[in-house]
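Student: Please take a close look at one part of this model, the strand pairing. I would like to know how the strands are joined.

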Amino acid sequence: SFQPAKLPTGECAAASELAGGGCTAWADESVAVTLGFSHSLALSASHYIEITLPSFTRQEYRQQTPGSGAPSPVLDCSGSNCDLLEMATEGANSAQVGNASWIESSRLLRFTVTGAVPSPDSYLEVTVPRSAGLKLPPSGLDRNAGFSYTIVSGPTYTGLSVGGSPAVGAFVDGGAASTSLSLTSAAPSREGALTVDFTLESDVAVPQCAGLCGTAAGSPSAASVRRERDALPTVTLRLPSFSRLGGDLDTAAASSDPPGLFATASWVQASASLVLTASAAFVAGTSVTVTVGASAGIAPPQAGVARDEPSLTIATDAQLGPVEATAIASSEPVLRIYDAWVSFAPATAGVAVAVDLSFRAGRDLGGGDTVSLDLGRFSRAGADGVLPATTLTIDGAAAAATVSWTTTGGRPSAAMTLGSGEVAAAGQQLNLTLRSENNIMSPPAGTPALRPR
């Protein structure tokens, strides 16, 4: 068995691993490997058991840079550089089977008898700790994967089969992390639709439950409905600081692409978890998109959400390939804007004006980040595109930015993208001027004065 059952997908596992917008630490996805066996042979010191673990490795996986779509290259581990000699084991019988060795070239894990072993037919269990650095195959493991082992105890017994091993899944596609989260029309503390995309490297099976599976067909009791729903595999999104005004939600409508794979979701307020329940089986490698609409009432935190926020995780309890909570590789930001105001000059209706916009952001902004500003009933005498005459300052210091003018459904907006290398720290004042040369026209009917309420 393996603990934790988690794969080296290269995600940013903790905020402390983020620096300058990218992950810089080595991934720590090593696992403890536990061997349990009954022996009918007389074992003594220097006898050993070798297990072949294909595709396991001690190579270290480089963390993925958020948004890059693929892990960075792994550390070169050629020759015997990754071999492990005489690692002390742990567990109930570590006094009897006290040493473990790893041979990288042949993917062999050797357990060596070092002490007095109980009589034949007794059960032994020992563990190679996580500190040994052994890592699961990136594509996961099938249940009862058919590992073979050899016993050398005077005579040599080869080609023996391990009786059972757990399944381990992975949210990967072609070796790269394959999860993303988008928050449609979301704003801090405002409900919006949530869409998650993932590819699971294991089959997902669903039980036969007479077509009920949580529906009201046949008017079953609430208890029987819940039992059937609980038997279905789920994908769980952990969304810290997200909330729902009404608290827990037992059932919310969901839609999926391909259609029919996921039809319902639920919200658990205490753990800030969105649980997506599978309603149909699908095979490994299927690219799945699931959307839970704004009507579910789930809102991002008031402080907003950073791009590729590492605390947002995804997990599944699919029996053919469970995955422990793993950071979502790519997620959209939600920005809190405050202390915002707009003015224009000259203060005349229906003429070309210079527009001044000012605001503060609730989190740091960096080069390439974009903030879109809705300009209501203003218009522009010209086509949509990059505005030629703009000025940006951050706390009074000049800064580079590109501003694009777009009109959607008759409503104009100005999208400001910070230039490469620019940084606006949370709380700094950004002042953006769209000069009159841009031919932005004030509303023909003027604008009403804002009155306190």
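Tutor: Strand 29 and strand 35 (residues 411–418) run antiparallel and are joined by five bridges. Strands here are DSSP runs of E with at least two residues, numbered from the N terminus, and two strands pair if DSSP finds at least two bridges between them. This is a predicted model, in which local features need pLDDT of at least 70, side-chain atom pairs count only at pLDDT 80 or more, and totals for chains, interfaces and linings use all residues. Residues are numbered from 1 along each chain as its sequence is written, and side-chain values use heavy atoms, with hydrogens and water left out.

Opposite V371 stands M416 of strand 35. Strand 35 belongs to an open sheet of four strands, in the order 29-35-34-31 with antiparallel pairing. Strand 29 (370–374) and strand 31 (385–386) each have a single partner strand, so one side of each lacks a neighbour in the sheet.

Another open sheet has 10 strands with mixed pairing, in the order 24-23-16-20-19-18-21-15-14-25. Its edge strands, 24 (323–327) and 25 (330–331), each pair on one side only.

Within that order, strand 18 (residues 249–257) runs antiparallel to strand 19, with three bridges between them. A253 has T264 of strand 19 as its bridge partner. Four residues lie between the strands of this hairpin, and G260 takes a positive phi near 85°.

Strand 19 (residues 262–268) also pairs with strand 20 (residues 273–278), antiparallel over six bridges. T264 has T277 of strand 20 as its bridge partner, and F262 has A278. This hairpin also has four residues between its strands, and A272 in the turn has a positive phi of about 50°.
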